[in-house]
Structures are given as structure tokens and as C-alpha cells.
Amino acid sequence: MRSIQHKINYNLKYLFSAVFLLSIFTMTLTSSCKKNNPFGTEALDFSSDTLVFDTVFTTIGTTTKNFKFYNKDIKRINISSIELEGGTASPFRINVDGLSGTSFSDIEMEGKDSLFVFVEATLSVNNQSLPMVVEDRIKFVTNGKTQYVQLVIWGQDAYFHYTNFEQNIVDTNEGTWPNDKPHVIYNYAFVDSAKTLNIQPNTKVYLHKNSMLQVYKGTLNINGQFGSEVTFEGDRLEADYDDVSGQYYGIYFNKALPSTINYLNLKNGTAGVHVFSEDPANSGNTLEIRNSKIENCARYGLFIFDGAKVKAENCVFAKNEFHSLFVLGGGDFDINHCDLLGYSNAGNQTPAVGISNYYVQNGTAFVGAINQGKIVNSVIYGNEEREIVFDTLSGNTLNFQIQNNLIKKAETENNSIFMNNVYNQDPVFISIEESNFDWYSTSPLKAIGNQSLGNPIVTIDIRQGNRGATPDAGAYEN
């Protein structure tokens, strides 16, 4: 009896052990199967859910922007698809982790990894004066979950001026530019021989890289008004380009007929206003410029070269990297109530005013005349110890009048050239950093001018305010 019972107990124990081991094996197998699944089940995370581009002009590409998408799971995930919804018809172009296209599929992404998406756009012409909004989306499908990144761009149509000499395309201009849409210049826009171009108040002109408006033996009249200034700047309107110099060349007068500029705001060029030589038929000034601001150019604000004649009143030439006023190879200048300022953000600054009556070409010096070299009722200042320098050769007429100015200069002078100037006293500008060159009431610019030095007398300032009988120096009257 005991023997039978012992045998039964032994068999039950064996059966229980076998079932227990089978259970353990089954659990282990199940657990092992789970561990062999390499993919996570999470959705993606994004550095931004909306990518917004600043205003751009039709046919001109944007800068490239980017965003990241993240796999925050510790396991790999499989992205079923990434798709630019507008497809090939979209103005946007995308690049995902180095691959360009409009759709991508079956992308495996490692755990705790991230990838870049780069986006740019070019808009088609829409023949509208007002800005337009163009939108598209990038769709991500991961583990059955759909997510989007929105793409938004503001676009603007414009009048385009384009020159391509190789294709014999030359953009020539005369008459009056309309001001209902901006004007965009590629390469060159010409005012040709004996032609006249008038630019109306509130006209906005944008120039592509290395472009210029060139006046060749013709006439340019920029007719801005206070509060409706004409603006010239680069065609990249993104905020990153707000204070980048050298985005285009500038306005180039080449042996021009008498021309005028009034209330022009020009910034971020190379040589903002370049006046080269003069048409022999001119009896007066090549250019008269008034009530204008030429700022943050990579070389010069006002460049007078090889015999050109320029009159400037109530103007601000500031923060230009080499000289705000540069005279080379001779030429005449009559500067009254102007700010000729340094304060460039560039590392290598030069004095605000540089004057030379010669230049050297192929080893030969060409010496010109300065029959009238007049700077009066103005401020010549900046960060340098000396903000006005001369480099002249004898052999031709040199006639200077530097009078009733505030000047930053290492040594003071009082002679037939330098008369009644104030030296080395801080003008106390409101904000050099923000290019606000109005000044506080404690400024030494107050009432140091001489009205009779103007020809004719300048009775108003750059803001159309009346000047007193004993005027303030510079463009602003307080």
C-alpha cells in the first residue's frame, strides 16, 4: 500500500514539475518574442509646428530655413511617410536628411535621434499689388498617427528690371516709375544717354546681389517727400539681412546730366551714391542731394570721383565702412548742414571723410582739381581719433572751406581753410546704435552754424522744421 501511494505521489510530483517547467518555458518564450520587436510606438516631436518666411518677391527664392523632428522613444520607430502636400506644384521645396523630393516613405529612425528638414520656396508672379499669403504643409505618418508642420510665406509682386548682356537684354528706363508695387533690380537698370527717369514719393526699390541703378549721360530725379521717402535696399527682406552691408552696389552716376535726389533712404549697399566724372555740357552740379540718409554701406556713402560735382544739404551719411564722404581724383563738393559720420560696425574703420585729388592707375598718377571743397554747418564725427583726412598732390587747383562744423580731429586748426569749428566735443546723439542722429539739448551742435554760408540759405532741416537765424550744425535743428 505504501509502495503504491509513494508511486502515485512521485508521479504527481513529476507531473507538477513538468507543468511548471512548461509554464516557465512558455512565459520565457513569450517574453523573448516581445523583446525581439525592435520598434517603438511613439509619435514624433518637432522643434516647430509652423515655419514662417518673411515677405519675398515673386521669382526670387527665399533663404533656407529648417526644423528638426525627434524620436524620443528609446527604440527605433518607422515613419511610414513624409509628404509635402502640395507636391511638385508647391512653391516650397524640402530636403529630408540630405534627400530632396516631395515624398519619402519607410524611414527608420533610431531611438533618441533627430533629423533635419530644410525648406525653401520660390513664388510665381501673381500680378497683384498687395501682399499675398501662400501656405502648404508637410505631413508625417508614424505608427498610424498623422502630424503636420505648417509652411507659410508672405509674397509680393513687383516691377522687375533685368539686364543680361550675354543675351542682349538691356533694361532702359525713362519717364516715371509707378509706385503701386516695389521695383526689383537684377544686375543693372539703366537711365541711358539723354533719357530722364523720375521716381515718385513712396517708391520702394530693392536690388539683387551686385545690382545697381546706373545713370549714363542721362538724368535721374528721385522725388521723395518727408514721410513718403523713396527707399533703396537689398531684396532679401528677412530680418537677418536688416543690417548686412554690401547686398548690392548702389546708384551710379556715370557722366550724368544734372540730377536730383530728395528724401532718399538708402541702406546696406556697397557705394551708396557713386558720382563719376561729369558730362562736359554741365555748367552746374552733376548731382544735388537733399534730405536723405545713406547708411551702412560696405565701402562709401557718397563717392565723388574724377571731376564730378555734388551739392548736399540736410543729409545723413553714417556707419559706412570706409568713408561716409570719399573724394578721389578731384571733384567739387558743397556740403551744408550734413552729418558725415563714422560709427561703422565693421572691424577696420577709416575716417568719416577722406579727400584726395589724385588716383594711380597702371603706375601713372592722375591729378584732378578741387575748385570748391566746402563743408559747412555740419558734423564730422565717429569713433576714430581723426575723422577727416586729406591726401593731395600739387599741380592743380585745391580750394577748401571747412567752417562752422563740429569735428573730431586729433589737432585743432584755425586758418583760412578751417574756421570757427568746434573740436572733439561729443555731439550727444540720441542713439548711435539705432542710427538716431537727432541729439539732446546739451549737444555742442546747438547754434554753432552760420546761415550765410549756405548758397542759397538752408531755412529748414531734414524734418521740415524751421532753422533759426543762428542755426544748429548738422541735418537736425532742435
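User: In what order do the five strands of the open sheet come?
Analyst: Let's start with the pairing: in this predicted model, five strands form an open sheet, and they pair in antiparallel fashion. Reading across the sheet, the order is E1-E3-E8-E5-E6.

User: Which strands stand at the edges of that sheet?
Analyst: Look for strands that have a single partner strand, since one side of each is then left without a neighbour in the sheet. That fits two of them: strand E1 (45-46) and strand E6 (99-101).

User: What stands opposite Ile94 in E8?
Analyst: Strand E5 covers residues 92-96, and strand E8 covers residues 113-121. Five bridges join E5 to E8, and the two run antiparallel. Opposite Ile94, in E8, you'll find Val119.

User: Moving on to E17, how many of its five residues are buried?
Analyst: Strand E17 takes in residues 212-216 and is mostly covered. Buried here means under 20% relative accessible area. The count for E17 is four of its five residues.

User: Which residue in E17 is the bridge partner of Tyr188?
Analyst: Strand E14 (residues 188-191) is joined to E17 by four bridges, and the two run parallel. The bridge partner of Tyr188 in E17 is Met212.

User: And what stands opposite Gln214 in E20?
Analyst: E17 and E20 are joined by five bridges, and these strands run parallel. Opposite Gln214, in E20, is Tyr252.

User: Now for charges: how many salt bridges does the structure hold?
Analyst: Side chains of opposite charge can pair when their charged atoms come close. A pair counts as a salt bridge when a side-chain nitrogen of Lys or Arg is within 4 Å of a carboxyl oxygen of Asp or Glu. By that rule the structure holds 18.

User: How many residues apart in sequence are the parts tied together by Glu83 and Lys139?
Analyst: The side chains of Glu83 and Lys139 meet in a salt bridge at 3.9 Å, N to O. Glu83 lies in strand E4 (residues 77-84) and Lys139 in strand E9 (residues 132-142), so the pair ties together parts that sit apart in sequence by 56 residues.

User: Are Glu83 and Lys139 buried or exposed, or partly exposed?
Analyst: Buried needs under 20% relative accessible area, and exposed needs over 50%. Glu83 has 29% relative accessibility, while Lys139 has 21%. Both values fall in between, so each residue counts as partly exposed.

User: What about Lys311 and Glu313: buried or exposed?
Analyst: These two side chains meet in a salt bridge at 3.7 Å, N to O. Lys311 has a relative accessibility of 6%, and Glu313 has a relative accessible area of 8%. With the cut-off at under 20%, Lys311 and Glu313 are both buried.

User: Where do Glu477 and Arg467 lie?
Analyst: Their side chains meet in a salt bridge at 2.8 Å, N to O. The pair ties together parts that are 10 residues apart in sequence. Glu477 is buried, with a relative accessible area of 11%, and Arg467 is buried at 8% relative accessibility. Both lie in the segment after strand E43 (436-439).

User: Which residues form the negative surface patch?
Analyst: One member, Asp242, is found in the loop between strand E19 (230-234) and strand E20 (250-254). Asp242 is partly exposed, with a relative accessible area of 44%. The patch is formed by Asp54, Asp240, Asp242 and Asp243.

Key: Residues are numbered from 1 along each chain as its sequence is written. This is a predicted model: local features need pLDDT of at least 70, side-chain atom pairs count only at pLDDT 80 or more; totals for chains, interfaces and linings use all residues. Side-chain values use heavy atoms; hydrogens and water are left out. Patches are made of residues with over 30% relative accessible area and no salt bridge: like charges are joined within 9 Å, nonpolar side chains (Val, Leu, Ile, Met, Phe, Trp, Tyr) within 5 Å. Accessible areas come from the Shrake-Rupley method with a 1.4 Å probe; for residues, only the protein chains shown count as cover. Lys and Arg count as positive and Asp and Glu as negative; His and the chain ends are not counted. The place of a charge is taken as NZ of Lys, CZ of Arg, CG of Asp or CD of Glu. Buried means under 20% relative accessible area, exposed over 50%, partly exposed in between (1.4 Å probe, protein chains only). Two strands pair if DSSP finds at least two bridges between them.
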